[in-house]
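Visitor: Please choose one part of this model and take me through it closely, residue by residue where that helps, before you set it in its wider surroundings.

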Amino acid sequence: MTRLFPIIAVLVLGATMTAEPAAALSSVRIETSTPSPDLGSTFEVQIIADFTDPILGFGLDLDFDETELSVVAPPTIGPDWFGVFAPDGDGLAGLAGGAGVLGTDVLLATVSLSADDAGLALLGLSITLDDLTEGFALIPTGFDAVSFTGAEVQISPEPSTSLLLTLGLVALSARSRVVGRRAHA
Ligand SMILES: [Ca+2]
């Protein structure tokens with residue numbers, strides 16, 4: 001039995017080394033137009049994909065806390081697709097013609113969001129399993145395995161205009177102190 005162990009270990013190691021390399025996974029990520037939107041402002045979220053296989057169509061969900069963020073307008077679907085009906089009403093679905101879409105930095109959709117609450121807000125991507133219109137459809141059938149990467153934004157409580165006003169007042173008061181000292185000299 002003890003003699004068998006090294007033989008089994010060598011066999012397992014050999015099998016691992018000769019195994020086919022795992023296929024690269026398609027990935028989908030979020031890029032935001034700003035990392036720190038002001039409270040009450042609108043900013044854009046781009047959903048971008050790197051595909052390792054041609055994709056015929058996609059459907060997904062953009063996830064966030066609705067007390068922190070809200071969708072301003074229906075999403076704009078990327079130029080490689082035409083927008084199709086999404087049963088959940090979020091508009092995040094597109095179809096490609098012919099040979100599908102393959103490659104890196106493929107824009108899926110752009111979503112305008114309103115920053116509604118100060119603090120850190122997380123953005124995620126997901127697929128609802130029982131929604132048959134969601135997923136990344138391969139040619140001719142089946143769905144691609146996709147990894148998702150979310151993003152975060154830090155919503156600034158202080159609108160930048162009031163910050164500039166504060167800085168202006170500080171500069172003004174420093175100047176008046178200098179003028180005051182000169183008058184006393
Ligand atoms: Ca959806």
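Guide: Two strands are said to pair if DSSP finds at least two bridges between them, and the elements themselves are DSSP runs numbered from the N terminus, with helices being H or I over at least four residues and strands being E over at least two. This is a predicted model, in which local features need pLDDT of at least 70 and side-chain atom pairs count only at pLDDT 80 or more, whereas totals for chains, interfaces and linings use all residues. Residues are numbered from 1 along each chain as its sequence is written.

The part I have chosen is strand β8, which covers residues 101-115. With β5, strand β8 pairs in the antiparallel sense over 2 bridges, and there Ile77 stands opposite Ala109 of β8. Strand β4, residues 69-71, is joined to β8 by 3 bridges and also runs antiparallel to it, with Ser70 of β4 having Ser114 as its bridge partner. With β2, strand β8 forms 10 bridges, again in the antiparallel sense, and one of the facing pairs is Ile48 with Leu107. As background, strands of a sheet pair through backbone hydrogen bonds, either parallel or antiparallel.

From Ile48 the pairing can be followed further, since that residue of β2 is also the bridge partner of Arg29. Strand β1 and strand β2 (residues 42-59) are joined by 6 bridges and run antiparallel, while 4 bridges join β1 (residues 26-32) to β11 (residues 146-149), a pair that runs parallel. Arg29 takes part there too, standing opposite Thr149 in β11.

Within β8, two residues deserve a separate look. Gly103 counts as exposed because 12 C-beta neighbours lie inside 10 Å (the cut-offs are 20 or more other C-beta atoms within 10 Å for buried, 12 or fewer for exposed, and partly exposed in between, with C-beta atoms placed from the backbone). The C-alpha atoms of Gly103 and Pro54 are separated by 8.0 Å, although these residues are 49 apart along the chain. Asp105, also in strand β8, has a positive phi of about 55 degrees although it is not a glycine. Most residues other than glycine have a negative phi, and most peptide bonds are trans. With 10 other C-beta atoms within 10 Å, Asp105 is exposed.

Beside this strand, Gly78 sits in the loop between β5 (76-77) and β6 (82-83), and it counts as buried because it has 20 C-beta neighbours inside 10 Å. Setting aside residues up to four places away in sequence, Gly78 touches Gly94, Val106, Leu107, Leu108 and Ala109, where a contact means that the C-beta atoms, placed from the backbone, lie within 7 Å. Gly78 and Thr110 are 7.3 Å apart from C-alpha to C-alpha, with their positions 32 residues apart in sequence.

Strand β8 also gives two or more residues to the largest nonpolar core, as do β1, β2, β9, β10 (135-138) and β12. That core has 33 residues, and those with the most contacts inside it are Val45, Ile47, Ile55 and Leu62; a nonpolar core here is a set of buried Ala, Val, Leu, Ile, Met, Phe, Trp, Tyr and Cys residues joined through C-beta atoms within 7 Å. Beyond its neighbours within four places in sequence, Ile47 is in contact with Leu108 and Ala109, and among its other contacts are Val28, Ile30, Leu62 and Leu125.

As for the wider surroundings, the protein has 2 helices and 12 strands, and buried residues make up 22% of its 185 residues. Among contacts between residues at least 6 apart in sequence, 78% join residues at least 24 apart.

Finally, a word on confidence: pLDDT, the predictor's confidence in each residue on a scale from 0 to 100, averages 85 for the protein, with 77% of the residues scoring at least 70. Over residues 4-20, however, pLDDT stays under 50, and the model has 0 contacts for them beyond four places in sequence. Where pLDDT is low, the predicted coordinates should not be read in detail.

How values were computed: Contact = placed C-beta atoms within 7 Å.
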